[in-house]
Amino acid sequence: MDLLKELEGLGVNVQEGLDRVMGDEELYKMMLDMFISTIETTPISLDDFDNSNLDELISRIHSLKGTTGNLSILPLFTRYTKTLTLLRENKPADAKKTYSKLLPDQEQIIDCIKRHKTA
């Protein structure tokens, strides 16, 4: 199965993502790689939600929400949006629970992208 079809099976709206880059499949794939790079260079741990200063965490979650939205990675986008809303409402414990629920899906999507990159 090719990358884009497998991503669709994971809930990514690939066509919408491609539409945002004027149908340029290579650009879309490059942006998927950039998404992985962002996750790897600025990881978010569950412990980050226990910090009294949430401004940096809010900024990082906001960035990932935007990236996943632009790529139409909907399973992650919806949960990043909810996580961000809860953080802005000063509900870090609830945000932490929501964030923890997106991690398995995020790992599946990242694994899919990486597997196809090396194929």
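Buried means under 20% relative accessible area, exposed means over 50%, and partly exposed lies in between (1.4 Å probe, protein chains only). This is a predicted model, where local features need pLDDT of at least 70, side-chain atom pairs count only at pLDDT 80 or more, and totals for chains, interfaces and linings use all residues. Residues are numbered from 1 along each chain as its sequence is written, and side-chain values use heavy atoms, with hydrogens and water left out.

**Exercise 1.** Classify Tyr 80 as buried or exposed.

*Solution.* Take its relative accessibility, which is 0%. Tyr 80 therefore counts as buried.

**Exercise 2.** Describe how the rings of Phe 49 and Tyr 99 are arranged.

*Solution.* Start with the rule. Rings of Phe, Tyr and Trp (its six-membered ring) pair if their centres lie within 6.5 Å; planes under 30 degrees apart are stacked, over 60 edge-to-face, and the rest tilted. A search of the whole structure gives 2 aromatic pairs. For Phe 49 and Tyr 99, the ring centres are 5.3 Å apart and the planes stand at 35°, so this pair is tilted.

Next, locate the partners. Helices are DSSP runs (H or I, at least four residues), numbered from the N terminus. Phe 49 sits in the loop between helix 3 and helix 4 (55-70), while Tyr 99 belongs to helix 6, so the pair ties together parts 50 residues apart in sequence. Finally, check burial. Phe 49 is buried at 3%, and Tyr 99 is buried at 2%.

**Exercise 3.** Find which residues the ring pairs link into a cluster.

*Solution.* Look at Tyr 80 and Tyr 99. Their ring centres are 6.2 Å apart and their planes at 50°, so this pair is tilted. Tyr 80 is in helix 5 (residues 74-88) and Tyr 99 in helix 6, 19 residues apart. Ring pairs thus join Phe 49, Tyr 80 and Tyr 99 into a cluster.

**Exercise 4.** Locate the salt bridge between Glu 16 and Arg 20.

*Solution.* A salt bridge needs a side-chain nitrogen of Lys or Arg within 4 Å of a carboxyl oxygen of Asp or Glu. For Glu 16 and Arg 20, the N to O distance is 3.7 Å. Both residues lie in helix 2 (residues 14-20); being 4 residues apart, they are separated by about one helical turn. Glu 16 is partly exposed at 29%. Arg 20 is partly exposed at 46%.

**Exercise 5.** State how far apart Lys 114 and Glu 40 are.

*Solution.* In space, their closest N and O atoms are 2.6 Å apart, and they form a salt bridge. In sequence, Lys 114 in helix 6 (residues 92-118) and Glu 40 in helix 3 (residues 25-41) are 74 residues apart.

Terms used: Helix = DSSP H or I, 4+ residues; strand = E, 2+ residues; numbered from the N terminus.
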